[in-house]
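Me: I'd like to go through this model with you before I use it. Can we start with how contacts are counted, and then move around?

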Amino acid sequence: MVEVEPARILLVDDRRENRIALQAVLEPLAVDVVEAESGEQALREVLIQDFAVILLDVQMPGMDGIETAEMIKARERSRDVPIIFLTAAESDLAEVFAGYEAGAVDYLLKPFDPLVLRSKVKVFADLDRHRRQLRRSDELVRNAFAAAPSGMALCDLDGLALQVNPALERLSGRPTALLERAPIHDVLHERDRPALVERLAAAATLGDGGEPWSAHVVGADGTPCPVTISVVAVRDVHGSSQQLLVQMADERDRRIAATLQRALLPEQLPSVVGVSLAAHIAPGAGGTRVGGDWYDAIALPGGRLGIVVGDVAGHGVDAAARMGELRSVARAYALEGHGTVALVERMNGYHAALGADLMTTMVFAILEIDSGTLRFVNAGHPPPLIVEEDGTTRIIEGAGPPLGVMDTWRYEERVATLAPEMTAILYTDGLVERRGERLDTGLGRLRDAVAAGGSPEEMVAAALEATDAEAADDDVTLVVVRGEARLGRVARLRLSPDPDALVSLRRLTARWLREAGAEADETHDLVMAANEAWQNALEHGTQFARATVGVDLEVDAHHEVTITVRDPGPPSRLSRPASDPDRGRGVELMRALADEVTLELAPHGSTVRLRRALRVGHGPAAGGEQDGVLHSSFEGVE
């Protein structure tokens with residue numbers, strides 16, 4: 001039952017000591033006692049408050065109890081309030097009869113037995129509480145019926161609409177006056193009406209209208225609207241069907257939201273050397289409640305990987321649209337070269353500037369593949385999970401507030417190790433939260449599921465099965481990122497004019513060379529030569545514009561390394577300098593460190609190739625070119 005306030009008792013007696021004694025008798029009942037010291041005051045109280053029962057002294061100066069009772073019963077608001085008279089033992093029979101005629105339900109003679117008085121008051125207090133609980137429950141049902149986003153109609157057993165809610169009025173384009181007392185199947189397209197009539201009859205006779213099915217409501221302008229219809233019987237206490245409840249859920253918002261969500265998510269995951277990725281997203285409630293979950297994976301210059309997982313609260317078109325907006329902004333900030341803290345703080349300011357009332361959580365991470373370091377900032381989101389090579393799992397705690405909660409907030413960066421053969425899992429709360437259980441329970445299921453390891457797609461499948469993701473009420477999103485043991489025989493990378501990208505690319509190239517079999521001095525020489533080529537490409541090739549330089553690392557079967565650097569040329573309004581003495585000395589340095597240097601200079605893009613044969617070289621493991629193993633899935637409604 002719903003909670004209601006304690007029953008209110010009105011205690012009317014002109015003697016203060018009597019009221020104190022009665023208060024003590026009623027105290028164990030946990031009721032709210034209001035005192036009145038005269039009939040006039042009692043009348044004022046019943047005008048402004050409702051009471052479960054009134055304890056009324058008969059013999060009071062001025063307006064006595066009999067007159068007071070008659071006045072209380074004469075007023076609409078207090079007409080049905082039970083009155084128990086309290087009177088002296090010497091009262092004559094005529095006075096008692098007068099009290100009953102005035103509306104009393106009982107008479108207690110002084111001195112009265114406290115247990116008897118308390119028992120009588122408890123009966124009326126309980127009746128009043130149950131009555132208010134029932135009234136409150138009815139009110140909540142009516143409010144839920146009126147506020148329901150789906151069209152609803154309460155019908156008799158013949159299918160005539162008795163009550164309809166505003167959503168059905170909007171869906172059908174018809175006012176209540178036309179819908180009520182009319183067959184509910186009239187709102188459907190003619191071809192769909194027989195199915196509804198059949199389901200109504202089944203619900204009326206068997207109590208079950210069957211599984212929901214699809215049909216079309218025809219609006220007042222003749223436009224059909226796809227809906228999902230369900231019919232249930234409303235039973236009485238004996239289990240007999242008394243009325244039928246018909247619900248018509250508009251499918252358009254769900255389809256629009258699903259299409260929008262699908263369109264705004266990445267079609268495929270990026271190719272990033274040294275990592276393998278898998279991702280999954282599916283709407284909640286078995287695919288019927290599309291929300292604001294999103295993920296993104298961004299290949300960042302310098303051989304780094306940016307990962308975003310976010311969740312806009314709510315469902316439907318509004319949440320999906322806001323999700324798409326935030327995803328685009330996050331991707332733009334990431335490609336501008338902002339680090340984790342700067343990006344999330346900019347996202348927070350952007351969200352706050354929108355004045356949005358939809359709460360958003362997100363985690364943004366940058367994986368530095370060269371060092372095996374995962375840097376991330378968490379804005380009110382479920383914590384990332386790290387799986388060690390031996391199956392040990394770690395939750396990385398530490399989060400700031402969701403986006404937009406505070407206009408400004410100093411978010412903190414967290415750092416975790418993600419060495420080769422380790423895995424990071426980022427997800428939304430729909431994967432681990434279930435009604436009626438603690439969050440730790442869902443996290444425990446996830447940790448147990450991924451501890452066995454495997455490829456990213458295998459870990460995604462294990463996580464979805466262990467958490468019963470198909471039964472989730474909310475969207476389920478997760479991204480699995482695994483560091484690979486080797487970078488591969490061929491590595492294709494990009495470079496931008498950002499210090500972090502240049503540092504990361506130097507370290508990644510050094511790792512690739514070691515895996516290719518280069519010794520320490522060879523690694524040092526080739527990284528220095530490549531760094532000179534990169535800096536020349538940024539300075540002279542792009543003139544530090546927001547453009548990217550392509551970098552390819554290749555080693556052949558004879559252990560000859562080729563490093564190729566391609567710049568796109570300067571912006572169209574600029575031109576490459578005719579000559580530059582610094583560039584000449586750079587070429588001399590590269591030639592001193594490599595076996596062969598070739599240059600193809602052009603106004604609209606140049607190419608530099610460095611070649612050097614390694615002395616011994618063990619070479620990478622078999623398998624050929626590896627640009628990353630990529631898997632992505634989207635499961636939703638069609």
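Reply: A contact here means heavy atoms within 4.5 Å. On that basis, residues 24 or more positions apart account for 66% of the contacts in the chain with a separation of 6 or more. This is a predicted model, in which local features need pLDDT of at least 70 and side-chain atom pairs count only at pLDDT 80 or more, while totals for chains, interfaces and linings use all residues. Residues are numbered from 1 along each chain as its sequence is written, and side-chain values use heavy atoms, with hydrogens and water left out.

Me: OK, what does the chain average in pLDDT?

Reply: The average is 84, and 89% of the residues score at least 70, where pLDDT is the predictor's confidence in each residue, from 0 to 100. Over residues 578–583 the value is below 50, and this stretch has 5 contacts in the model beyond near neighbours in sequence. Residues 617–638 also stay under 50, and for them the model has 71 contacts beyond four places in sequence. Where pLDDT is low, the predicted coordinates should not be read in detail.

Me: How many helices and strands are there?

Reply: The chain has 17 helices and 26 strands, taken as DSSP runs (H or I of at least four residues for helices, E of at least two for strands) and numbered from the N terminus.

Me: At what angle do α15 and α16 pack?

Reply: Helix α15 (residues 499–516) and helix α16 (residues 520–541) pack at about 145°, with their axes 10 Å apart; the axes are lines fitted to C-alpha atoms, for helices over the stretch in contact, and angles run from 0 to 180 degrees between N-to-C directions. Residues of α15 including Leu-502, Leu-505 and Leu-513 meet a set in α16 that includes Leu-526, Val-527 and Trp-534.

Me: Switching topic: is Leu-426 buried or exposed, and why?

Reply: Leu-426 counts as buried because its relative accessibility is 2%, and buried means under 20% relative accessible area, exposed over 50% and partly exposed in between (1.4 Å probe, protein chains only). Leu-426 lies in strand β19 (residues 423–427), and, not counting residues up to four places away in sequence, touches Ile-307, Val-309, Val-363, Ala-365, Pro-384, Thr-477, Leu-478 and Val-479. Ile-307 is 119 residues apart from Leu-426 along the chain, with 8.6 Å between their C-alpha atoms.

Me: And Glu-45, what is its nearest side chain of opposite charge?

Reply: That is Arg-44, 6.6 Å away, and Glu-45 is buried yet has no salt bridge. Lys and Arg count as positive and Asp and Glu as negative, with His and the chain ends not counted, and a salt bridge is a side-chain nitrogen of Lys or Arg within 4 Å of a carboxyl oxygen of Asp or Glu. Glu-45 sits in helix α2 (residues 39–48) and touches Leu-10, Val-34 and Phe-51, leaving aside residues up to four places away in sequence.

Me: Last thing, where is Ala-30, and where is His-559?

Reply: Ala-30 is in the loop between α1 (16–26) and β2 (32–36), and has a positive phi of about 55° although it is not a glycine. Ala-30 is exposed, because its relative accessible area is 58%. His-559 lies in the loop between β22 (549–555) and β23 (560–567), also with a positive phi, near 65°, in a residue other than glycine. With a relative accessible area of 22%, His-559 is partly exposed.
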